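Ready to find your way around a new structure? Take a look at the chain below, then work through the exercises at your own pace.

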Amino acid sequence: MPKTRVLQQGRLLPALEKRLAETYDVHPLWQEADPKAFLAAHGGEFTALVTSARFGADAALIAAMPNLKVISSFGVGLETLDLDAARARGIAVGYTPDVLNDCVADTAFVLVMDVARRITASDRFVRRGDWPKGQFPLATKVSGKKLGILGMGRIGRVIARRASGFDMEVRYHNRRPLTDTEHGYEPTLKGLAEWADFLVIASAGGPETRGLVSGEILDALGPDGYLVNISRGSVVDEKALIEALQQERIAGAGLDVFEDEPNVPPAFFELDNVVLLPHLASNTHETREAMARRVEENLAAALAGKAMVSAAA
Ligand code: 8YV
């Protein structure tokens with residue numbers, strides 16, 4: 001039997017690419033000089049698309065693949081996948097939630113600790129040779145403080161669990177209160193920001209959360225408050241954040257995500273009260289392999305006419 005033709009939209013984990021190529025007839029779309037022209041000529045040859053949260057699958061790509069039955073995406077984020085367009089055609093869409101919760105929550109805490117205790121700032125201090133000239137300035141204690149979570153979903157809940165190890169009180173803001181958590185609900189994001197010492201963003205991206213963390217929210221967090229974002233850069237008004245950091249209207253920020261990745265506004269580089277990571281929260285050998293396995297499981301299940309392990313549509 002000929003191998004199923006699978007279109008691969010962009011680069012993936014090398015081990016995943018290797019295994020996919022062993023099982024399927026994979027075509028790398030990113031190697032096409034003119035992907036649109038390629039799709040116009042060959043889009044109908046593929047029943048499956050493998051993509052990632054980063055590359056997504058928009059309505060135009062889905063429309064260019066008239067025989068598409070399955071999309072298997074690497075990542076938990078769904079905002080780059082046009083689920084409505086997929087649903088309208090009955091295309092099964094798989095993604096990789098849950099398996100990355102631990103590492104993303106760990107990264108949230110790396111950022112909480114780093115920005116408050118000024119870990120990378122003090123590393124810069126040592127490397128600059130400044131230690132013999134004087135003591136590094138005092139930092140802020142984390143244990144026992146108040147942690148506000150915007151988006152108490154799968155990842156938010158694991159962040160809350162981590163917080164209990166630091167004896168922190170946790171409250172959260174979601175569109176609606178949850179019935180299965182002991183943590184306090186703040187009906188408004190502003191109220192959560194006013195209450196919190198640390199405001200951690202763990203919500204989904206996309207139009208519904210765009211710009212939620214505005215200058216007003218940052219002012220509610222205040223000069224002793226810290227912002228941590230491990231979700232999507234789009235949730236924060238980045239210009240307002242830069243201003244708030246420059247004017248020390250908040251104490252600091254720890255950011256794994258940005259509005260226009262991989263382009264980070266150079267204004268951040270001038271600031272010592274911000275920690276900047278290159279969207280690495282899920283980047284560990286263990287988690288990336290688990291995500292890769294889920295991509296393969298979802299793809300194989302849907303092609304066999306079975307339910308995906310993690311279906312988004
Ligand atoms: C990935 C992510 O770094 O899963 C997600 O949605 O943002 C990250 O885990 C990346 O986007 C996968 O392509």
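Below are four exercises on this predicted model, each with a worked solution.

**Exercise 1: The domains**

Find out which stretches of the chain make up domain 1 and domain 2, and how far apart their C-alpha centres lie.

*Solution.* Start with the division of the chain: domain 1 takes in 5-97 + 286-303, while domain 2 covers 101-276. Next, go from one C-alpha centre to the other, and you get 32 Å between domain 1 and domain 2. Now look at where they touch: four residues of domain 1 are in contact with six residues of domain 2. Sort the domain 1 side of that contact by class, and you end up with one nonpolar, two polar and one charged residues.

**Exercise 2: Around the ligand**

List the residues around the ligand and sort them by class.

*Solution.* Walk along the chain. You pick up Ser52, Ala53 and Arg54, among others. Phe74, Gly75, Val76 and Gly77 also belong to the residues around the ligand. Then add Leu100, His279 and Ser282. Now for the sorting: this shell splits into four nonpolar, five polar and one charged.

**Exercise 3: Helices H5 and H7**

Decide whether H5 and H7 are roughly parallel or oblique to each other, and work out which residues meet.

*Solution.* First, locate the pair: H5 spans residues 101-117 and H7 spans residues 154-165. Their axes are 9 Å apart, and the helices pack at an angle of about 55°. Angles under 35 degrees count as roughly parallel and 65 to 115 as roughly perpendicular, so H5 and H7 come out as oblique to each other. As for handedness, H5 and H7 make a right-handed crossing.

Now the contact itself. H5 brings Asn101, Asp102, Val104, Ala105, Ala108 and Phe109. Facing them from H7 are Arg154, Ile155, Val158, Ile159 and Arg162. Count the classes in the contact of H5 with H7 and you find seven nonpolar, one polar and three charged residues.

**Exercise 4: Helices H1 and H11**

Do the same job for H1 and H11: angle, handedness and contact residues.

*Solution.* H1 runs over residues 14-23, and H11 over residues 285-303. They pack at an angle of about 25°, with axes 9 Å apart. That angle is why H1 counts as roughly parallel to H11. The crossing of H1 past H11 is right-handed.

In H1, look for Ala15, Leu16 and Arg19; they meet Glu289, Ala292, Val295 and Glu296 in H11. By class, this contact of H1 with H11 holds four nonpolar, no polar and three charged residues.

Terms used: Residues numbered from 1 in each chain as written. Predicted model: local features only at pLDDT ≥ 70, side-chain atom pairs only at ≥ 80, totals over all residues. Near = placed C-beta within 6 Å. Nonpolar A, V, L, I, M, F, W, Y, C, P; charged D, E, K, R; others polar. Domains from an automatic or database assignment. Contact = placed C-beta atoms within 7 Å. Axes fitted to C-alpha atoms, helices over the stretch in contact; angles between N-to-C directions. Helix = DSSP H or I, 4+ residues; strand = E, 2+ residues; numbered from the N terminus. Parallel < 35°, antiparallel > 145°, perpendicular 65-115°, else oblique. Left-handed = near helix turned anticlockwise from the far one by under 90°.
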